[in-house]
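Me: I'm new to this structure and would like a close look at just one part of it. Could you walk me through that part and then show me how it sits in the rest?

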Amino acid sequence: MALKIGKIKRKPGAVLIGPYYSYNTYGKMNRYLANQFLQHGDYDIGFHPDDESHKVLGVLSPLLENRCGRVPATIEYQIFHQIVPQLVAPPVGKWIMMQPWEYGSIPLTWHEQMKYSVDEIWVYTHYNKSCYLLDGIEADRIGVIPLGID
């Protein structure tokens, strides 16, 4: 008798890259996003701190600390939220850059990659979005993720 096994459903893999141990906006936001991903459980998630040289014990929750450096089984999304953006496309997965910019036009060194290579850009405010729109980034590739109040 053959086993009737349904289609195996797996969670999409995602990696969130950026500072986690810093006390700046980027570190706080990455810790918040990471904890939200963990609470909702919709993704096979990995977290990659780029500031481990500044590691401070107790900054991360134990669950988050245990997930740092973990690589999902497959990677559909790579989310970069860094002070200085990575301008080299990741080898696998959609390239999502969470990069606020409040100073008008985005720097020329970022422009080509952001306009032609990055799959999505996430910003904090509608003003941030307008800066990218003025530089020719398509509106459907820009998402607004507002910062909360802590």
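Which residue just after α4 takes a positive phi?

Reply: That's Gly-136, and its phi is about 90°. Keep in mind that this is a predicted model. Let's go through the helix that comes before that glycine, then step outwards.

Helix α4 covers residues 126-134. At its start, Thr-125 points a side-chain oxygen to within 3.4 Å of the backbone nitrogen of Tyr-127. Inside the helix, Asn-128, Lys-129, Cys-131 and Tyr-132 are buried. Looking down the axis of α4, you'd find its buried residues within an arc of 155°, so they line one face of the helix. As background, an α-helix has 3.6 residues a turn, so residues three or four places apart point the same way. On the face of α4 turned away from the buried side you get His-126 and Leu-134, both exposed.

So what lies over the buried residues of α4? The cover includes α3 (108-116), β5 (120-123) and β6 (142-144).

One of the helix's buried residues, Tyr-132, also leads us to Gln-99, because Tyr-132 is among the contacts of Gln-99 beyond four places in sequence. The others there are Tyr-26, Gln-82, Ile-83, Pro-85, Trp-110, Met-114, Trp-122 and Val-123. Gln-99 sits in the loop between β4 and α3, and its relative accessible area is 1%, so it counts as buried. A polar atom of its side chain lies 3.5 Å from the backbone oxygen of Gln-82.

Now follow the chain on from α4 towards β6. The loop between them holds Asp-140, and with a relative accessibility of 70% this residue counts as exposed. Pick out Ser-61 as well: it is 79 residues from Asp-140 along the chain, and their C-alpha atoms are 34 Å apart.

For the wider setting, start with the strands. Strand β1 (residues 13-18) pairs with β2 in the parallel sense, over six bridges. To get from β1 to β2 the chain goes through helix α1 (residues 25-40), and this β-α-β crossover is right-handed. His-48 in β2 is the bridge partner of Ile-17. Five of the six residues of β2 (residues 44-49) are buried, so this strand is largely enclosed by the rest of the structure.

Next comes the largest nonpolar core, which has 20 residues; Leu-16, Tyr-20, Phe-47 and Leu-64 touch the most other members. Two or more residues come from each of β1, α1, β2 and β4 (94-98), and the largest share, six residues, comes from α1. Phe-47 is a good one to click on: beyond four places in sequence, its contacts include Leu-16, Tyr-20, Ala-34, Phe-37, Leu-38 and Leu-64. Apart from this core lies another, of 15 residues, among them Met-97, Trp-110, Val-118 and Ile-121.

Finally, zoom right out. The chain has four helices and six strands, following the pattern β-α-β-α-β-β-α-β-α-β along the sequence. Of its 150 residues, 39% count as buried. Its C-alpha atoms fill a box of roughly 65 × 40 × 30 Å along the principal axes.

How values were computed:
Residues numbered from 1 in each chain as written. Predicted model: local features only at pLDDT ≥ 70, side-chain atom pairs only at ≥ 80, totals over all residues. Heavy atoms only, no water. Buried < 20%, exposed > 50% of the residue type's maximum accessible area, 1.4 Å probe, protein only. Pairing = 2+ DSSP bridges. Right-handed = clockwise from strand over helix to strand, strands pointing away. Arc of directions from axis to C-beta. Contact = heavy atoms within 4.5 Å. Polar contact = N/O pair within 3.5 Å; in protein donor to acceptor, adjacent residues only side chain to side chain. Core = buried A, V, L, I, M, F, W, Y, C linked by side-chain atoms within 4.5 Å.
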